[in-house]
Amino acid sequence: MKKILFSAVLACSLFGGELVYSGVVKPVFLDANTDKSVGRLLPTNGVEIVGVEGNRAKILVKGYQNPASPNVIYYHSSERVIAVAFAKTATPDIKLIKKGENGKWDEVETILYAQNDGFTKDLKSLFTKAKTMYADSCGVCHKLHDENHYKANQWPSLFKSMLSRTAIQKEYEWLVTQYLQKHSSDVK
């Protein structure tokens, strides 16, 4: 019991009030105890750890929601850069913060749970890792495209079409994709 309490206090003191990031896709849950994942948190999306229950971090996720796609929270207010994608049958409690105007999507937030490991405060190192993987793998067959050469919505399909020709491991596909999208011409 003391170990669990100490772990919870340590996690909150290390990350409380600050954004933390994952370098890999993390399953998300509606509570601390269920084994059924309701979606996925994609790499490099900042979340705030607001508590720890057992081996799960209670996380606050903020982002944007396109009313036409209620099962996705996006990183950007008008581009499809996914922060969290939910199963179609999931029922997360998503709170509206601000209604979108002039073509922008609604600002929202929700509380979710994720495994309490693999989070870092160092977003720059995650982007550096992704940039290195991109440069080392994608510059072999052709001239390397600048990250801002394409729009955010173009990068996922373009990158996926070339992925089988690279040495990028499956666990890092979304890290590189998110890096490219977040450094695209229309998201910067």
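This text walks through two nonpolar cores, one helix and one buried threonine of the structure. The model is predicted, so local features need pLDDT of at least 70 and side-chain atom pairs count only at pLDDT 80 or more, while totals for chains, interfaces and linings use all residues. Residues are numbered from 1 along each chain as its sequence is written, and side-chain values use heavy atoms, with hydrogens and water left out.

The largest nonpolar core (buried Ala, Val, Leu, Ile, Met, Phe, Trp, Tyr and Cys residues joined through side-chain atoms within 4.5 Å; buried means under 20% relative accessible area, exposed over 50%, with a 1.4 Å probe and protein chains only) has 19 residues, and Ile59, Val84, Phe86 and Phe119 have the most contacts inside it. Two or more residues each come from strands E4 (47-53), E5 (56-65), E7 (82-86) and E9 (106-115), where strands are DSSP runs of E with at least two residues and helices runs of H or I with at least four, numbered from the N terminus. Apart from this core lies another, of 17 residues, including Tyr150 and Ile168.

In helix H3 (residues 155-163), the buried residues are Trp155, Phe159 and Leu163. Seen down the axis of H3, they fall within an arc of 65 degrees (taken from the directions from the helix axis to the C-beta atoms), so they line one face of the helix. The face turned away from that buried side carries the exposed Ser157 and Lys160.

Thr44, in the loop between strand E3 (39-41) and E4, counts as buried because its relative accessibility is 2%. Its side chain makes a polar contact (N or O atoms within 3.5 Å, one able to donate a hydrogen and the other to accept it; residues adjacent in sequence count only if both atoms are side-chain atoms) with the side chain of Lys182, at 2.8 Å.
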